[in-house]
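Hi everyone, thanks for coming. Please get the structure up on your screens, and we'll walk through it together.

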Amino acid sequence: MNMKKLTSAVLAAVAAFTFVGGSADAATRDEIAAIKVSKKGNFQYWTKDSEAKKILVDYVKDVTNPKSKNFIPVKDRIATFDCDGTLMCETAPFYFDWLLQVHRINDSANYKATAEEKALAQKMRTAIDNHTANDELDDEKSVVFPKIMAGLTPDEYRAYIKNYINTTYVEGLSNLKTGEAFYLPMAEVVSYLNANDFTVYIVSGCERETIRALVDGIMDIEPNHIIGTDHSYTFAKQGNKRADRYFFKPDDKFMRGDKLLSINVNGNKIFRIQTEIGKKPVLAFGNSMGDASMFEFTLLDNKYKSAAFVLLCDDTERELGNVAKAEKVKKTALQYGWVPVSMKNDFATIYGDKVKREAK
């Protein structure tokens, strides 16, 4: 090998090593954004013998082959992904929107919380620490969340989320900022599907504008392809007038309202897919029973060959896994024909090799 080729090879090896390991910490957002998987599927972050990856690749090869009886036209190659727990960490150590709400109430310099809101934040923090959330507390949280973010313009809210994810760290895992907590193997899946002319949507229970800020600059998913829980909007001078009878003028302000409109989980995911996409997905990816309705909607009575993949958070060294919960989800997956994906066995790395579970 001549010196020029040797130098190129060394530089390539160094670049590959740096990328896989992240850096001193996890893979950065820029490094995650640089993940590109070819049309043929040159995956780096899945284990070589992953059965789930093989099923996905075989499926994509089949339905994109014009000579196959299972060929799917490009216009109908729709793939839907849950977000928390599917594309990124959900147990950090708890749901993203819970942690964000506690941060807004307790730590935001630009928001003065009421005594009632501070009391709620304390209850939420206790539930987060003990993993003892209940429906009553979740309902209370859902009512208060839009109120504490009310009055922010879309740009202001996006800036708030960006600052939060770039300045906070995942609790329980070393060297991992909140905004870097994306699963590298799943980022590869999104890239792989994009390369094969699938249209990717995120269909999540997380608030829509929050997800838009989270994935901005990370994945090639258009903002109008992000479907989530919705909070209301209003105008500063609207008062009690209905929006359909209100004339927005240049001296007014378009901003977030203080009401929850809908929670995009379980059966609501099907309703939103129908109203916002208008087509059945042929692929669905999720991580919990909250995605089960989306899985079944994708698989049942589909005119095209379809598949559903469920991610099992069963890694207790590189993630905050729960083996018992993962086994329960896996049992259900096998019963219904969903493809189980094991973080422990199918992912060669999750966030980068420097990210480990911290000792309690």
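I'll talk about two pockets and then two pairs of packed helices. Keep in mind that what you see is a predicted model.

Let's begin with the pockets. What volume does the largest pocket have? It comes to about 1300 Å³. There are 49 residues lining this pocket, and those closest to its centre are Glu90, Phe94, Tyr95, Trp98 and Lys325. If you click on those five, you'll land in the right place.

Now, which elements build that lining? Several of them supply at least two residues each, including the helices α4 (96–107), α5 (115–130) and α12 (323–336), and the strands β2 (199–207) and β3 (226–235). The largest share belongs to α6, with 5 residues. Sorted by class, the lining of the largest pocket holds 19 nonpolar, 16 polar and 14 charged residues.

On to the second largest pocket, with about 270 Å³ of space. Its lining has 15 residues, and Asp314, Glu327, Ser342, Lys344 and Asn345 are the closest to the centre. Two or more residues each come from α12, β7 (339–342) and α13 (343–346). Here α12 gives the largest share, 4 residues. We met α12 a moment ago, as it also supplies at least two residues to the lining of the largest pocket. By class, the second largest pocket is lined by 4 nonpolar, 3 polar and 8 charged residues.

Now for the helices. Two packed helices are described by the angle between their axes and the distance between the axes.

Take α4 and α5: they pack at an angle of about 140°, and their axes are 9 Å apart. That angle is why α4 counts as oblique to α5. Their crossing is left-handed. On the α4 side, the residues in contact are Trp98, Leu99, Gln101, Val102, Ile105 and Asn106, and among their partners in α5 are Leu120, Ala121 and Met124. The residues of this contact split into 9 nonpolar, 2 polar and 3 charged. Notice Trp98 again: that residue is also among those closest to the centre of the largest pocket.

The other pair is α10 (residues 267–276) with α11 (residues 292–299), packed at an angle of about 50° with axes 7 Å apart. So α10 is oblique to α11 as well. Is this crossing left-handed or right-handed? It is right-handed. Gly267, Lys269, Ile270, Ile273 and Gln274 of α10 touch Ser293, Met294 and Phe297 of α11. That contact divides into 4 nonpolar, 3 polar and 1 charged residue.

Note on methods. Residues are numbered from 1 along each chain as its sequence is written. This is a predicted model: local features need pLDDT of at least 70, side-chain atom pairs count only at pLDDT 80 or more; totals for chains, interfaces and linings use all residues. Side-chain values use heavy atoms; hydrogens and water are left out. On a 1 Å grid over the protein atoms alone, a cavity is a set of points where a 1.4 Å probe fits but cannot get out, and a pocket is an open set with protein on both sides within 12 Å along at least five of seven lines; lining residues have an atom within 4 Å of a point. Grid points are joined across faces, edges and corners, and a volume is the space filled by probe spheres set on the points. Ala, Val, Leu, Ile, Met, Phe, Trp, Tyr, Cys and Pro count as nonpolar, Asp, Glu, Lys and Arg as charged, and the others, Gly among them, as polar. Axes are lines fitted to C-alpha atoms, for helices over the stretch in contact, and angles run from 0 to 180 degrees between N-to-C directions. Angles under 35 degrees count as roughly parallel, over 145 as roughly antiparallel, 65 to 115 as roughly perpendicular and the rest as oblique. A crossing is left-handed if the near helix is turned anticlockwise from the far one by less than a right angle, and right-handed if clockwise. Contact means heavy atoms within 4.5 Å.
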